[in-house]
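Consider how charged side chains pair within a folded chain, and where such pairs sit.

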Amino acid sequence: MAAMMGISALRSHHPLPLSTARPATALPRATSPTSHQPSSLALLRCRCRCRRSLPHSCCSSSPRASLSPGAPDSAAFMALAPNNAALRHRLIAPNSTAGSGDAAATGGLPSVVGIAHLAVSLGIVLATDKYLKQAFVAASIKFPSALFGMFCIFSVLLVLDTVAPALAKAFMDFFEPATLFIQRWLPLFYVPSLVVLPLAVRDVPAASGLKICLITFGGWFASLAVAGYTALTVRKIVKTELIAAEPMGKPSAFATLEFWAWGAVFVASFATAFVNPTALGTTARTCLPFMLASTVLGYMVGSGLPSGIKKLLHPIICCALSANLSAVAYGYLSGSGIDAALGDYLTKVPSNPGAGDVLMGFLGSVILSFAFSMFKQRKLVKRHAAEIFTSIAIASTFSLYSTAILGRLIGLEPTLTISILPRCITVALALSIVSFFEGANTSLTAAVVVLTGLIGANFVQAAMDKLGLNDPIARGIGTASSAHGLGTAALSAKEPEALPFCAIAYALTGIFGSLICSSPAVRQSLVFIAG
């Protein structure tokens, strides 16, 4: 199933190679400004536009300068810049990049190589996460293993960038397919705990549920205000000029073929499970393909909805509804009931995984991928370190302690208060944080984290406008510090200038929260406040 998701990601995503991301102003100017032929700079710019399927007049202004998006006229370009080796490399290298998905010119070989590249790079990331988990469990270390791995990868990249920049770039390029895969399917990894929420909250009284919703919504708004105003205050003190960040790729829309492929998987595996519930050994394994397919299809459908409808029906909600409807249908037709179907969706038993276990198995890889995104934006982090680190430290601490205080003030049960402490931290690290505490409901933790993200995705822009948070740095940090990845995705769709700060804050908020909660003194103080 992961391979199928990877193939679809490669078929529909065409990231520009890192070599094309340098600013055009760094290129040499044309040496013959009076010539009627286009300059090498203009021609390269034209080619870049052509690669994005945007026609430009200079493409046809000269027979020698004719460039097509799929197969550029390299000879014509080299005639204009015979001594520019860097430009030759930048023109030719993109078409030789493995995994670009451009199979039109070479009969499909790049796609095959790209799939193999994705499989190897993603496999290494997953294997690293698994090995670190096993090592930390064997050593009885409670610190999040994926976070340790992220620090190691980031440190290696920094060292390589210092002593051998070419190796650092090669390292980044090798793992780019894996990071793009994780980025494209990231919302799916949050869904399983939301799908099994009916089982998780069954023993939670209705009054406690209302209190949790109150803390979640009010806490989100308070965290947003604290992070945003802190960033603005520090900005006024340091007065650092805002510079352009490294470009960040965005996942593309899903292809029709992907819908048909996953639909076929759903129909075939649902029929198999209905005829023989233990065809693959256990009911959980037998139900895994169609439950996974229903979750993926829900995400695809939700992602394709108009923006107005998405405000009410977020893609993650579509995921959960699709998976729950499949569980209801199977439970009714097979006679096993919805509880059994949902139990098979997320078993939490490594030897008998369900669809939810497969998806949540990627959460550690999400944390490892933070190393690559932070390294890519290292110059931005260094330049705006005061704003970023001060805001995140204050906002993360405020979020944890304000949740404990609010829970105590409105009389929420201590175990439930502890379960929702990391409400503003991404699921992957929120689950690691609550594992420090005894008696926490991890399913409730994940559900509250997702709910916080959904609130932020729908209301964060309007809230920041009302609060007067107009600076891109403040908007990016405030969004990610209060609504993690879901808020980041919603804001970046309309405010790309804030995306780099969202990405940085999204990672660092979870990292800082995990670091302070790993301190026994902090944990004891939170437990004491919660009651």
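The paragraphs below go through salt bridges in this structure, which is a predicted model.

Side chains of opposite charge can pair when their charged atoms come close. With a limit of 4 Å between a side-chain nitrogen of Lys or Arg and a carboxyl oxygen of Asp or Glu, the count comes to eight salt bridges. Three of them are described here.

Arg184 pairs with Glu258, and their closest N and O atoms are 3.3 Å apart. Arg184 belongs to helix 7 (residues 165–185) and Glu258 to helix 11 (residues 256–275), so this salt bridge ties together parts that are 74 residues apart in sequence. Arg184 is buried, at 3% relative accessibility, and Glu258 is buried as well, with a relative accessible area of 6%.

A further salt bridge joins Glu387 and Arg235, at 3.5 Å from N to O. Because Glu387 lies in helix 19 (residues 385–409) and Arg235 in helix 10 (residues 206–238), the pair ties together parts that are 152 residues apart in sequence. Glu387 counts as buried at 0% relative accessibility; Arg235 is also buried, at 14%.

In the salt bridge between Asp465 and Arg475, the closest N and O atoms are 3.1 Å apart. Asp465 sits in helix 22 (residues 442–467) and Arg475 in helix 23 (residues 472–494), with their positions ten residues apart in the chain. Where does each partner stand on accessibility, buried or partly exposed? Asp465 is partly exposed, at 47% relative accessibility, whereas Arg475 is buried, at 6%.

Salt bridges with shared partners also join Arg235, Glu387 and Asp471 into one network.

Technical notes. Residues are numbered from 1 along each chain as its sequence is written. This is a predicted model: local features need pLDDT of at least 70, side-chain atom pairs count only at pLDDT 80 or more; totals for chains, interfaces and linings use all residues. Side-chain values use heavy atoms; hydrogens and water are left out. Helices (H or I, at least four residues) and strands (E, at least two) are DSSP runs, numbered from the N terminus. Buried means under 20% relative accessible area, exposed over 50%, partly exposed in between (1.4 Å probe, protein chains only).
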